[in-house]
Amino acid sequence: MSKSAKKGEETVVCVNCGSRLNTLYIQYSPGNIRLIKCDNCKAVADPYIECEFMIILIDLILHKPKAYRHLLYNMLSFKSEDIKGIIWKSALLFLLLDAIRVFLLKRYNDDYGNSSLLMPKCREVFLDVLLGNIVFIVVLLLGTRLFVNCSLTITSYLEILLAVFVSSFFKVWEFPSAVLYIIEMFVLSSNAVAFRVSTQQEAIRCIGICLSAHAAKFLRLLVAISITVFFFSVILFTGNS
């Protein structure tokens with residue numbers, strides 16, 4: 001008798017059309033499975049199940065939405081009870097790797113060779129990265145709230161954050177500073193693909209939201225000043241009313 005293989009109590013998706021499914025394959029015996037076809041598009045729901053991770057990684061680099069659906073919905077646990085824990089761990093790892101990337105880009109600076117200045121410089125880099133990514137996340141979520149044409153729950157926002165964190169994997173690889181902006185553009189496009197997979201919105205809207213978040217991250221001082229002025233203006237206006 002056949003047995004359906006399910007991802008706990010969660011719902012998986014077809015990587016081709018994004019339709020929700022209860023299972024991706026039927027297991028007859030250990031090592032003997034049959035992949036399920038999607039009732040909506042009639043294609044194999046997730047052929048990546050039988051692929052090596054290197055193939056999946058190549059398709060992620062090529063920005064294939066199918067690979068992102070497989071990674072985000074059929075490999076990672078979005079609906080599990082500990083999703084907040086997953087988000088916190090992902091965020092901390094994201095910040096740590098981003099700080100390491102920035103530190104490596106500045107390692108040729110003479111000051112970094114002075115051991116007495118190493119810890120202050122590390123602290124400075126981490127605080128700079130922390131501030132930049134806080135601005136990035138705030139603008140991303142604000143853009144999602146304003147411009148995504150669908151009702152979103154707290155879990156939906158967490159899904160989007162996790163998708164963006166995962167799709168930023170390429171930025172932690174070590175590259176010479178000469179190609180920094182090329183890598184940042186690649187990360188931007190990866191974020192846009194993951195954002196589109198998570199929200200099912202049109203490409204131009206997803207690119208616009210992610211571009212705004214990245215721009216705010218690099219212009220964080222101006223953004224911080226603008227937000228401060230805005231809130232003080234609101235407070236003054238409310239007080240005068």
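How many helices and strands make up the secondary structure of the protein chain? There are eight helices and five strands. The model is predicted. Read along the sequence, the five strands come before the eight helices, in the pattern β-β-β-β-β-α-α-α-α-α-α-α-α. The chain has 241 residues, and 39% of them count as buried. About 14400 Å² of the chain is exposed, with carbon and sulfur atoms supplying 65% of that area. Take the contacts between residues at least 6 apart in sequence: 60% of these join residues at least 24 apart.

Start with helix 1, which covers residues 53–61. Met54 lies in this helix. Met54 has a relative accessible area of 52%, so it counts as exposed, the cut-off being over 50%. Together with Ile58 and Leu62, Met54 makes a nonpolar surface patch of about 310 Å². A general rule about helices is useful here. An α-helix has 3.6 residues a turn, so residues three or four places apart point the same way.

A salt bridge is found in this part of the chain too. Lys64 pairs with Asp59, and their closest N and O atoms are 3.5 Å apart. The two partners differ in cover. Lys64 is partly exposed, at 37% relative accessible area. Asp59 is buried, at 10%.

Next comes helix 2, residues 65–75. Eight of its eleven residues are buried, so the rest of the structure largely encloses this helix. The buried residues include Ala67, Leu71 and Leu72, but also Arg69, His70 and Asn74. Tyr68 and Tyr73 are buried here as well.

Helix 5 is also mostly covered, with ten of its 13 residues buried. Among them are Tyr157, Leu158, Ile160, Leu161, Leu162 and Phe165. Ser156 and Glu159 are buried in helix 5 too. What span should the 13 residues of helix 5 have? At 1.5 Å a residue, residues 154–166 should span 18 Å. The end C-alpha atoms are 18 Å apart, which agrees.

Now turn to the interior. In soluble globular proteins, nonpolar side chains tend to be buried together. Here the largest nonpolar core has 28 residues. Which of its members touch the most other members? They are Ile87, Val129, Leu140, Phe195 and Cys210. Helix 3 (83–105), helix 4 (118–147), helix 5, helix 6 (180–199) and helix 7 each supply at least two residues of this core. Helix 3 gives the most, with seven residues. A second, separate core has 15 residues, including Tyr48, Ile56, Tyr73 and Ala163. Two of these have appeared among the buried residues of their helices: Tyr73 in helix 2 and Ala163 in helix 5.

Cys210 shows some of the contacts in detail. Leaving aside neighbours within four places in sequence, Cys210 is in contact with Leu140, Leu188, Asn191, Ala192 and Phe195. His214 is found in helix 7, residues 203–218. Is His214 buried or exposed? His214 counts as buried, because its relative accessibility is 6% and the cut-off for buried is under 20%. With residues up to four places away not counted, His214 touches Phe136, Glu184, Val187, Leu188 and Asn191. Leu188 and Asn191 thus appear in the contacts of Cys210 and in those of His214.

Just ahead of helix 7 is a loop. Gln201 sits in this loop, between helix 6 and helix 7. Gln201 is buried, with a relative accessible area of 8%. Not counting residues up to four places away, Gln201 touches Phe147, Val148, Asn149, Cys150, Arg196 and Cys206.

Finally, look at the salt bridges. The structure holds three. The pair of Lys64 and Asp59 is one of them. Another joins Asp98 and Lys217, with the closest N and O atoms 3.2 Å apart. This pair links distant parts of the chain: Asp98 is in helix 3 and Lys217 in helix 7, 119 residues apart. Asp98 is buried, at 1% relative accessible area. Lys217 is buried as well, at 7%. Glu202 and Arg205 also meet in a salt bridge, at 2.7 Å from N to O. Here Glu202 counts as partly exposed, at 36% relative accessibility. Arg205 is partly exposed too, at 24%.

Definitions and conventions:
Residues are numbered from 1 along each chain as its sequence is written. This is a predicted model: local features need pLDDT of at least 70, side-chain atom pairs count only at pLDDT 80 or more; totals for chains, interfaces and linings use all residues. Side-chain values use heavy atoms; hydrogens and water are left out. Helices (H or I, at least four residues) and strands (E, at least two) are DSSP runs, numbered from the N terminus. Buried means under 20% relative accessible area, exposed over 50%, partly exposed in between (1.4 Å probe, protein chains only). Contact means heavy atoms within 4.5 Å. The expected span of a helix is 1.5 Å times one less than its number of residues. Patches are made of residues with over 30% relative accessible area and no salt bridge: like charges are joined within 9 Å, nonpolar side chains (Val, Leu, Ile, Met, Phe, Trp, Tyr) within 5 Å. Accessible areas come from the Shrake-Rupley method with a 1.4 Å probe; for residues, only the protein chains shown count as cover. A salt bridge is a side-chain nitrogen of Lys or Arg within 4 Å of a carboxyl oxygen of Asp or Glu. A nonpolar core is a set of buried Ala, Val, Leu, Ile, Met, Phe, Trp, Tyr and Cys residues joined through side-chain atoms within 4.5 Å.
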